[in-house]
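Visitor: I have a model open here and would like to talk it through with you. Could we start from one residue and work outwards?

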Amino acid sequence: NYMSLISNSWLDDSIINFFMRWLMFQRFPGDNSCKVHVFNTHFLSFLERQGYTDDLKRWLRNAGDIFDKKFLIFPCHTMSHWSLLVVVNAGKMMQTHKRWGDSSYTGEVAGMFHLDPLGSAGHIYSIKQSFARSVRHALNSEWDHRHNNGMDRLTRPFTHRDSFKLHCPSGE
């Protein structure tokens, strides 16, 4: 793996996974790294290929309570290009629905961002939306699995693209 760091070589999944695990490592007492979960680089491609399977449930179980995390980070790789899909405050999704359209609300809300170092020249829009759909599906399925509150498919918390839309910031 060290050899993949030499100049003129591509970043591979093992380097990305190593660095992402390092981000979650708690460095001192009170460090909020435990509020971050970075998924393996294969998670998103597995999710897109297989859907919410028993294998994926085990993967999510190893993440702990994902709705207690401040950040869920999904490394994305397509067309020889890396980017990140980041879910912020997934556990605050119900507050996000409650405050929708309420300009006086000042609490935390949930959000989803696709961070692409190449901006709009990186992953094409339809690929970004495909990543977002897959993550929404996994979050809804995990919500159902943990809360089992009988919501129908249209009222599940991560279904609505208006209140949980994908943001793709660009620029410096």
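Visitor: Let's take serine 141. Leaving aside its neighbours within four places in sequence, which residues is it in contact with?
Guide: Once the neighbours within four places in sequence are set aside, serine 141 is in contact with Tyr52 and Arg156. Please keep in mind throughout that this is a predicted model.

Visitor: Which element does serine 141 lie in, and is it buried or exposed?
Guide: Serine 141 is part of helix α5, and its relative accessibility is 9%, which is under the 20% cut-off and therefore counts as buried.

Visitor: While we are on that helix, what does α5 supply to the largest nonpolar core?
Guide: The core has 30 residues, and Phe74, Leu85, Val87 and Leu139 are the members that touch the most others. At least two residues come from each of α2, α3, β2, β3 and α5, and the largest share, seven residues, is that of α5.

Visitor: And leucine 139, what is it in contact with beyond its neighbours in sequence?
Guide: Apart from residues within four places in sequence, leucine 139 has contacts with Ile66, Phe67, Leu72, Val87, Phe158 and Phe164. There is also a second, separate core of five residues, with Val36, Val38, Val86 and Val88 among them.

Visitor: Stepping back, how many helices and strands does the protein have?
Guide: There are five helices and five strands, and read from the N terminus the elements follow the order α-β-α-α-β-β-α-β-α-β.

Visitor: How are the strands arranged in the sheet?
Guide: The five strands make an open sheet with mixed pairing, in the order β1-β2-β3-β4-β5. The edges are taken by β1 (36-38) and β5 (166-167), and because each has a single partner strand, one side of each is left without a neighbour in the sheet.

Visitor: Which way do β1 and β2 run relative to each other, parallel or antiparallel?
Guide: They run parallel, with three bridges joining β1 to β2, and within this pair valine 38 stands opposite isoleucine 73 of β2.

Visitor: Then what about β2 and β3?
Guide: Strand β2 (residues 71-78) and strand β3 (residues 81-88) run antiparallel and are joined by eight bridges. Isoleucine 73, which faces valine 38 of β1, also has valine 86 of β3 opposite to it, while leucine 72 has valine 87 as its bridge partner in β3.

Visitor: What does the hairpin between them look like?
Guide: Two residues lie between the strands of that hairpin, and methionine 79 takes a positive phi near 50°.

Visitor: Where does β3 go on its other pairing?
Guide: β3 pairs in the antiparallel sense with strand β4 (residues 111-115) over five bridges, and there valine 87 is set opposite methionine 112 of β4.

Visitor: How many residues of β2 and β3 are buried?
Guide: In β2 six of the eight residues are buried, so that strand is mostly covered. In β3 seven of the eight are buried, which means that β3 is largely enclosed by the rest of the structure.

Visitor: Changing topic to α2: which of its residues are buried?
Guide: In helix α2 (residues 43-50) the buried ones are Phe43, Leu44, Phe46 and Leu47. The arc they cover around the axis is only 160°, so they sit on the same side of α2.

Visitor: Why would residues a few places apart share a side?
Guide: An α-helix has 3.6 residues a turn, so residues three or four places apart point the same way.

Visitor: What do those buried residues pack against, and what follows the helix?
Guide: The buried residues of α2 pack against α3 (54-62), β2 and α5 (125-147), and glycine 51, with a positive phi near 85°, follows α2.

Visitor: One more thing, the cysteines: how many disulfides are there?
Guide: The count is zero disulfides. Cysteine 76 is buried at 1% relative accessibility, whereas cysteine 168, at 29%, counts as partly exposed.

Visitor: And for the protein as a whole, what are the overall values?
Guide: Of the 172 residues, 40% are buried, and about 10,300 Å² is exposed, with carbon and sulfur atoms supplying 55% of it. Among contacts between residues at least 6 apart in sequence, 59% join residues at least 24 apart.

Note on methods
Residues are numbered from 1 along each chain as its sequence is written. This is a predicted model: local features need pLDDT of at least 70, side-chain atom pairs count only at pLDDT 80 or more; totals for chains, interfaces and linings use all residues. Side-chain values use heavy atoms; hydrogens and water are left out. Two strands pair if DSSP finds at least two bridges between them. Helices (H or I, at least four residues) and strands (E, at least two) are DSSP runs, numbered from the N terminus. Buried means under 20% relative accessible area, exposed over 50%, partly exposed in between (1.4 Å probe, protein chains only). The arc is that of the directions from the helix axis to the C-beta atoms. Contact means heavy atoms within 4.5 Å. A nonpolar core is a set of buried Ala, Val, Leu, Ile, Met, Phe, Trp, Tyr and Cys residues joined through side-chain atoms within 4.5 Å. A disulfide is a pair of cysteine sulfur atoms within 2.5 Å. Accessible areas come from the Shrake-Rupley method with a 1.4 Å probe; for residues, only the protein chains shown count as cover.
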